[in-house]
Each structure stands twice: as C-alpha cells, then as structure tokens.
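Please walk me through this structure, from its sheet to its cross-links and on to a few single residues.

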Amino acid sequence: FSLYNKDGYNPVKLTQYQNQQYAMYHCSSYGPTFGAGGRHDIVIRDNALSNSGSYTACGYTYSVPPGYSAGDCGFFTGGFHFTPNDIEVFYQIGN
C-alpha cells in the first residue's frame, strides 16, 4: 500500500505477483522489509535514522506503480536511497 507518496497519487495497493514467500522479509539486521527476488521492494535498514541505506525498488515482488518502470524507482520517496524520519507499518485483515 502507498497511502501517501511524493507524487501525491491517491492511495494505491500494489499487488504481489511473484516471490510469494517474501511478502515480508525477516532479517535481524533489517527493519521492516517487503519483497525479494533480485532486490527487495522496500527496505528500512537497521538504525535507519542514522544512515541512508534504506531503499525502495519497483517490481521485484509487488506490481510496478502506475507511470513507473521496474528497477530503481522513486515512487515512494523520490529516489532510490533515503533516510526515513518516521515509519508506520500497517497490515490488512481479510480482503
């Protein structure tokens, strides 16, 4: 889901179309991480407020947002690497 993004698009749900086992990726040295298969779609690194190692990519597990191409896209943050200042993770119950 993207509730807010740098382009001001309405909220959008990006569907998971491959790498089903990596909807959420678990690693003790990462924060919230989604997707895998070449790259993760969204990675929040450990100690994220102190570095710019967090990143977003498009199309590795979840569908590519409208108007973007697979790979390093700036849909969520405006660039590939970023340093978050706030993180919220939501989950959906049911359809």
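What follows is a tour of a predicted model.

Start with the sheet. Four strands form an open sheet in the order β1-β2-β3-β4, and their pairing is antiparallel. Strands of a sheet pair through backbone hydrogen bonds, either parallel or antiparallel. Here β1 and β4 stand at the edges. Each has a single partner strand, so one side of each is left without a neighbour in the sheet.

Now look at the join between β2 and β3. These strands run antiparallel, with two bridges between them. V43 has Y55, in β3, as its bridge partner.

S54 also sits in strand β3. Is S54 buried or exposed? S54 counts as buried, because its relative accessible area is 0% and the cut-off for buried is under 20%. A polar atom of the S54 side chain lies 3.0 Å from the backbone nitrogen of R45. R45 appears again in the list of residues that S54 contacts, once neighbours within four places in sequence are left aside. V43, I44 and A48 are on that list too. So are F80, H81, F82 and P84.

Next come the cross-links. A search of the whole structure finds one disulfide. Which residues does the disulfide join? The partners are C58 and C73, with an S to S distance of 1.6 Å. Both C58 and C73 lie in the loop between β3 and β4, so the pair ties together parts that are 15 residues apart in sequence. In general, a disulfide is a covalent bond between the sulfur atoms of two cysteines. C58 and C73 are both buried.

The salt-bridge count comes to one. R39 pairs with D72, and the closest N and O atoms are 2.2 Å apart. What does this pair tie together? R39 lies in the loop between β1 and β2 (42-45), while D72 lies in the loop between β3 (54-56) and β4 (81-82), so the link ties together parts that are 33 residues apart in sequence. R39 is partly exposed, at a relative accessible area of 29%. D72 is partly exposed as well, at 49% relative accessibility.

Turn to the aromatic rings. There are four aromatic pairs. One of them is Y68 with F75, an edge-to-face pair. The ring centres of Y68 and F75 are 5.4 Å apart, and the angle between the planes is 80°. Why does this pair count as edge-to-face? The angle is 80°, and planes over 60 degrees apart count as edge-to-face. Y68 is partly exposed, with a relative accessible area of 21%. F75 counts as buried, at 1% relative accessibility. Elsewhere, ring pairs link Y22, Y25 and Y30 into a cluster.

Y22 leads on to A36, since Y22 is among the contacts of A36 when neighbours within four places in sequence are left aside. A36 is in the loop between β1 and β2. With a relative accessible area of 6%, A36 is buried. Its contacts also include N19, D41, Y60 and T61. How far apart are the C-alpha atoms of A36 and N19? They are separated by 6.7 Å, and the two residues are 17 residues apart along the chain.

Finish with Y17. This tyrosine lies in the segment before β1 (30-34). Y17 is partly exposed, at 44% relative accessibility. Which residues does Y17 touch, not counting residues up to four places away in sequence? They are G59, Y60, T61, Y62 and S63. Y60 and T61 are also on the A36 list. The side chain of Y17 has a polar atom 2.4 Å from the backbone oxygen of G59. The Y17 side chain also makes a polar contact with the side chain of Q18, at 3.3 Å. The C-alpha atoms of Y17 and the disulfide cysteine C73 are separated by 18 Å, and the two residues are 56 residues apart along the chain.

How values were computed
Residues are numbered from 1 along each chain as its sequence is written. This is a predicted model: local features need pLDDT of at least 70, side-chain atom pairs count only at pLDDT 80 or more; totals for chains, interfaces and linings use all residues. Side-chain values use heavy atoms; hydrogens and water are left out. Buried means under 20% relative accessible area, exposed over 50%, partly exposed in between (1.4 Å probe, protein chains only). Contact means heavy atoms within 4.5 Å. A polar contact is a pair of N or O atoms within 3.5 Å; within protein, one must be able to donate a hydrogen and the other to accept it, and residues adjacent in sequence count only if both atoms are side-chain atoms. A salt bridge is a side-chain nitrogen of Lys or Arg within 4 Å of a carboxyl oxygen of Asp or Glu. Two strands pair if DSSP finds at least two bridges between them. A disulfide is a pair of cysteine sulfur atoms within 2.5 Å. Rings of Phe, Tyr and Trp (its six-membered ring) pair if their centres lie within 6.5 Å; planes under 30 degrees apart count as stacked, over 60 as edge-to-face and the rest as tilted.
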